[in-house]
Amino acid sequence: DGQPVSQQEIASRGFVGTVFIVLMFLSILIYGMWVATGVAAEKSSRVMELMISAASPRQLVIGKVAGIGGAGLSQYVAIALPALLVLAFQDRIAAFVLGPGGAAGAPIAGLTGALLLAYGTFFLLGFTLYAFVYAAVGSFVSRPDDLQTLSLPLSLLAMAGYLGALPILLTGGGGGISRLMSFLPRFSPFAMLARLMVGSVPPWEV
């Protein structure tokens with residue numbers, strides 16, 4: 001809200017923002033490839049010929065993204081939620097294991113409910129966007145083995161968003177290029193989340 005924050009909170013937000021950006025990048029790469037592989041595998045096994053007679057292509061691609069993407073995100077939540085809980089209560093765990101002097105400031109001191117909501121929203125929107133693009137790439141290939149070639153440009157796009165978000169976290173908001181990236185759909189999940197983590201963003205921009 002434009003109010004000054006402590007150095008600990010600034011460092012905490014930078015740390016947590018980096019973790020969030022890395023998790024988003026890895027999830028898009030791993031589970032996006034799951035979606036593309038699922039689409040390509042159905043094409044190569046002639047299952048698609050049977051399914052296309054019972055459903056429209058739009059229904060098939062939405063079902064594929066929802067099914068495989070949902071399975072991947074369930075795995076992601078099963079890993080991320082316990083890790084977040086451990087980070088949230090690490091001071092108490094350290095005090096219990098090491099004694100009263102063993103706890104040293106929590107690295108997620110600056111994490112708020114609003115920032116968690118922003119992460120969840122941008123993660124889901126970014127993942128959905130990339131999952132549909134990966135599904136489209138999977139529909140272009142005739143064999144799952146050909147996916148590596150076509151998926152490389154998508155990986156580079158996601159990597160550009162990831163690398164563009166890191167300077168924002170390091171500089172506390174970035175400049176004009178960072179602001180521009182936060183409006184471009186392919187980069188927005190990374191750049192806008194990074195800006196929210198370490199700076200003040202007008203609501204209309206979000």
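## Salt-bridge network

A network of salt bridges joins Arg179, Arg195 and Glu205. The structure is a predicted model. Two salt bridges are found when the whole structure is searched.

## Glu205 and Arg179

One salt bridge is formed between the side chains of Glu205 and Arg179, with an N to O distance of 2.5 Å. This pair connects distant parts of the chain, the two residues being 26 residues apart. Arg179 belongs to helix 7, which covers residues 176-181, whereas Glu205 is located in the segment after helix 8 (188-198).

The two partners can also be described by their accessibility. Glu205 is buried, because its relative accessibility of 6% falls under 20%. Arg179 has a relative accessible area of 39% and is therefore partly exposed, as this value lies between 20% and 50%.

## Glu205 and Arg195

Glu205 also takes part in a salt bridge with Arg195, in which the closest N and O atoms are 2.8 Å apart. Here too the pair links distant parts of the chain: Arg195 lies in helix 8 and Glu205 in the segment after helix 8, with their positions 10 residues apart in the numbering.

Is Arg195 buried or exposed? Arg195 counts as buried, because its relative accessibility is 9% and the cut-off for a buried residue is under 20%.

How values were computed:
Residues are numbered from 1 along each chain as its sequence is written. This is a predicted model: local features need pLDDT of at least 70, side-chain atom pairs count only at pLDDT 80 or more; totals for chains, interfaces and linings use all residues. Side-chain values use heavy atoms; hydrogens and water are left out. A salt bridge is a side-chain nitrogen of Lys or Arg within 4 Å of a carboxyl oxygen of Asp or Glu. Helices (H or I, at least four residues) and strands (E, at least two) are DSSP runs, numbered from the N terminus. Buried means under 20% relative accessible area, exposed over 50%, partly exposed in between (1.4 Å probe, protein chains only).
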